[in-house]
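Welcome, and please open your viewer. Have the selection tool ready, because we will move from one stop to the next.

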Number of protein chains: 2
Amino acid sequence: MRRPTGEDTLRKSRIEAAWKGQAECAGCTIRDLALFADLQEDDFDLIHLPIDELEFGAGSTLYNAGDEGRALFTVRSGLVKLVQYLPDGGQRIVRLLRRGDTAGLEVLVGEAYEHSAVVLRPALVCRLPREVVKRLSVETPRLHTQLMKRWHAQVRQADEWLTGLSTGSARSRVARLFLHLAEVEPACTPEPEVELFSREDLGAMLGVTTETASRVVADFKRSGLVTEVRSNRFRCHTEPLREAAGE
Amino acid sequence: MRRPTGEDTLRKSRIEAAWKGQAECAGCTIRDLALFADLQEDDFDLIHLPIDELEFGAGSTLYNAGDEGRALFTVRSGLVKLVQYLPDGGQRIVRLLRRGDTAGLEVLVGEAYEHSAVVLRPALVCRLPREVVKRLSVETPRLHTQLMKRWHAQVRQADEWLTGLSTGSARSRVARLFLHLAEVEPACTPEPEVELFSREDLGAMLGVTTETASRVVADFKRSGLVTEVRSNRFRCHTEPLREAAGE
DNA sequence: CGAGGTCTTGATGTAGCTCAATCCCTGTGG
DNA sequence: CCACAGGGATTGAGCTACATCAAGACCTCG
């Protein structure tokens with residue numbers, strides 16, 4: 001168990017997905033964030049396959065690297081990691097997907113998924129059959145802009161992770177991660193609060209061992225760069241963190 | 001001076017670009033590789049701005065991070081590095097572009113360039129005004145597929161660099177770089193030969209210091225993982241390299 | 001021939017890896 | 001209700017790979 005947020009998810013729901021109904025895209029509550037943001041009424045007529053809404057528990061996987069890519073996913077809530085396995089058996093987390101992000105774009109170009117998508121915090125996602133998106137992307141230019149934005153966001157995050165989270169001392173990487181999370185998490189008002197991950201995931205994001213990740217976080221707590229408000233939830237003190245980040 | 005390939009480029013041509021004429025896209029010699037690969041005759045009528053062909057000398061820059069993005073570039077030959085500057089003043093090379101690759105895709109979505117594009121080996125490029133590509137991408141779906149492939153290629157390379165070239169020991173990173181170059185360089189028949197970069201660039205690609213890069217390469221020479229056939233050009237012995245890569 | 005740049009190599013310090021023990025938390029079963 | 005088992009987090013001790021600082025080699029150009 002890693003994360004006591006909100007109500008307890010049943011063990012079962014943590015390894016499986018639950019069907020939550022068929023999505024009503026036109027009335028989507030995160031429509032402005034979603035891939036289909038710019039679609040118009042008649043565009044929706046082009047959708048001939050069901051778009052399902054699914055709930056995935058923490059630890060479950062949307063898809064595995066190498067699987068035939070039959071669908072894209074829009075993350076409506078929760079948090080998903082994209083994992084790439086290394087030749088030596090280790091793993092590296094290459095991106096985090098949250099509200100509004102798209103997983104599996106690569107199936108529009110290739111055949112198979114290139115990462116494994118694993119749920120970090122219980123997630124509500126829409127599954128968009130590949131054919132639906134492909135068809136729409138040919139028929140309406142309104143989807144293109146959104147698709148390009150998605151691709152762009154992926155590249156941006158990839159570059160940011162390389163330069164920000166895989167460069168410099170472990171200390172500065174952790175500091176940058178805190179700052180990054182602080183920016184990106186919803187409650188980022190005065191002194192932002194962020195929910196952290198398992199030390200193992202931390203290591204896989206930053207390219208360090210779990211022990212080092214643990215040590216640095218512990219040190220940050222002691223030195224007062226962050227304050228643990230509850231198990232694995234931290235208030236970030238941005239000034240000293242920024243200091244530590246810029247080594 | 002870093003690289004004695006081919007005839008000497010004048011000092012001047014190494015910091016400036018030379019205009020080589022207006023491109024004839026329809027008769028492009030690398031048409032099948034280029035962004036406009038799938039365009040049809042009448043699509044070209046939609047191009048209302050000149051597409052210039054330019055030659056950039058080693059060391060010159062196509063654009064700088066932060067510049068207003070007025071154009072995309074297709075690399076016809078040569079080699080270009082995408083560089084991101086770090087908060088601490090250092091720099092990190094996040095991608096390499098060669099024959100057929102596109103630089104500056106981000107200007108289709110945002111305003112400014114996100115990297116600096118610096119020429120490593122004298123390059124012939126086509127400059128595509130942003131408006132031309134934007135317009136075409138609205139008018140013809142045939143460009144979309146190509147655009148998506150380009151985006152996809154960027155993401156792929158970014159992920160590959162994170163997992164392959166920024167993970168593991170310096171030794172294995174260098175080995176993986178050699179193997180990567182061997183795959184991607186033209187002459188990769190029996191024992192592939194690759195042209196290396198300055199030690200400083202090596203370091204910036206692998207996230208290590210120039211000294212470490214130098215030491216590892218020197219060690220590879222001594223241990224016979226590679227053979228220097230001429231200054232900074234190496235024959236790669238794939239088996240032992242693969243061995244070293246998989247630590 | 002001398003100047004400047006890059007590459008190489010050495011000596012030394014240290015950050016982070018490795019291996020391993022302990023602690024802590026939560027869920028489980030008596 | 002409590003004791004226990006299991007998994008993650010923390011901490012320690014020792015070792016190694018890499019950074020750092022600095023000197024020298026090599027090459028090209030003026």
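The tour below goes from the whole assembly to the domains, then to a sheet, and ends at the DNA.

Before selecting anything, note that this is a predicted model, in which local features need pLDDT of at least 70, side-chain atom pairs count only at pLDDT 80 or more, and totals for chains, interfaces and linings use all residues. Residues are numbered from 1 along each chain as its sequence is written, while chains are lettered from A and ligands numbered from 1 in the order in which they are written.

**Stop 1: the two chains**

Select chains A and B. A rotation of 180° with 0.0 Å of shift along its axis lays chain A on chain B, with an RMSD of 0.0 Å (a least-squares superposition on the C-alpha atoms of residues with pLDDT of at least 70 in both copies). The two copies are therefore related as by a two-fold rotation axis. To find that axis, pick A:Val155: in chain A, its C-alpha is the nearest one, 2.7 Å away.

Now colour the interface. Here 29 residues of chain A are in contact with 29 residues of chain B; contact means that the C-beta atoms, placed from the backbone, lie within 7 Å. On the chain A side, β5, α1 (130–139) and α2 (141–165) each supply at least two residues. Helices (H or I, at least four residues) and strands (E, at least two) are DSSP runs, numbered from the N terminus. Which element gives the most to this side? It is α2(A), with 13 residues. The same surface serves both copies, as 100% of the contact residues of chain A recur in chain B.

**Stop 2: the domains of chain A**

Select 12–142 for domain 1 and 170–245 for domain 2 of chain A; these bounds come from an automatic or database domain assignment. Their C-alpha centres lie 28 Å apart. Five residues of domain 1 of chain A are in contact with five of domain 2 of chain A. On the domain 1 side, β5 (residues 91–98) of chain A gives the largest share, three residues.

**Stop 3: a three-stranded sheet**

Staying in chain A, show the open sheet with the order β8-β10-β9, whose pairing is antiparallel (two strands pair if DSSP finds at least two bridges between them). At the edges are β8 (193–195) and β9 (226–230) of chain A, each pairing on one side only. Zoom in on β8(A) and β10 (residues 233–236) of chain A, which pair over three bridges. One pair to label is A:Glu193 with its bridge partner A:Arg235 in β10(A). Next add α3(A), which packs on the sheet and touches β8, β9 and β10 of chain A; its direction makes about 105° with that of β8(A). Axes are lines fitted to C-alpha atoms, for helices over the stretch in contact, and angles run from 0 to 180 degrees between N-to-C directions.

**Stop 4: the DNA strands**

Show DNA strand C. Among the 20 residues around DNA strand C, A:Ser169, A:Thr212, B:Ser198, B:Ser214 and B:Ala218 come nearest; a residue is near if its C-beta atom, placed from the backbone, lies within 6 Å. The largest share of this surface, six residues, comes from α5(B).

Finally, switch to DNA strand D. Of the 19 residues around DNA strand D, A:Arg199, A:Ala218, B:Ser169, B:Ala170 and B:Thr212 come nearest. Which element gives the most to the surface near DNA strand D? Select α5(A), which supplies six residues.

Notes
Contact = placed C-beta atoms within 7 Å.
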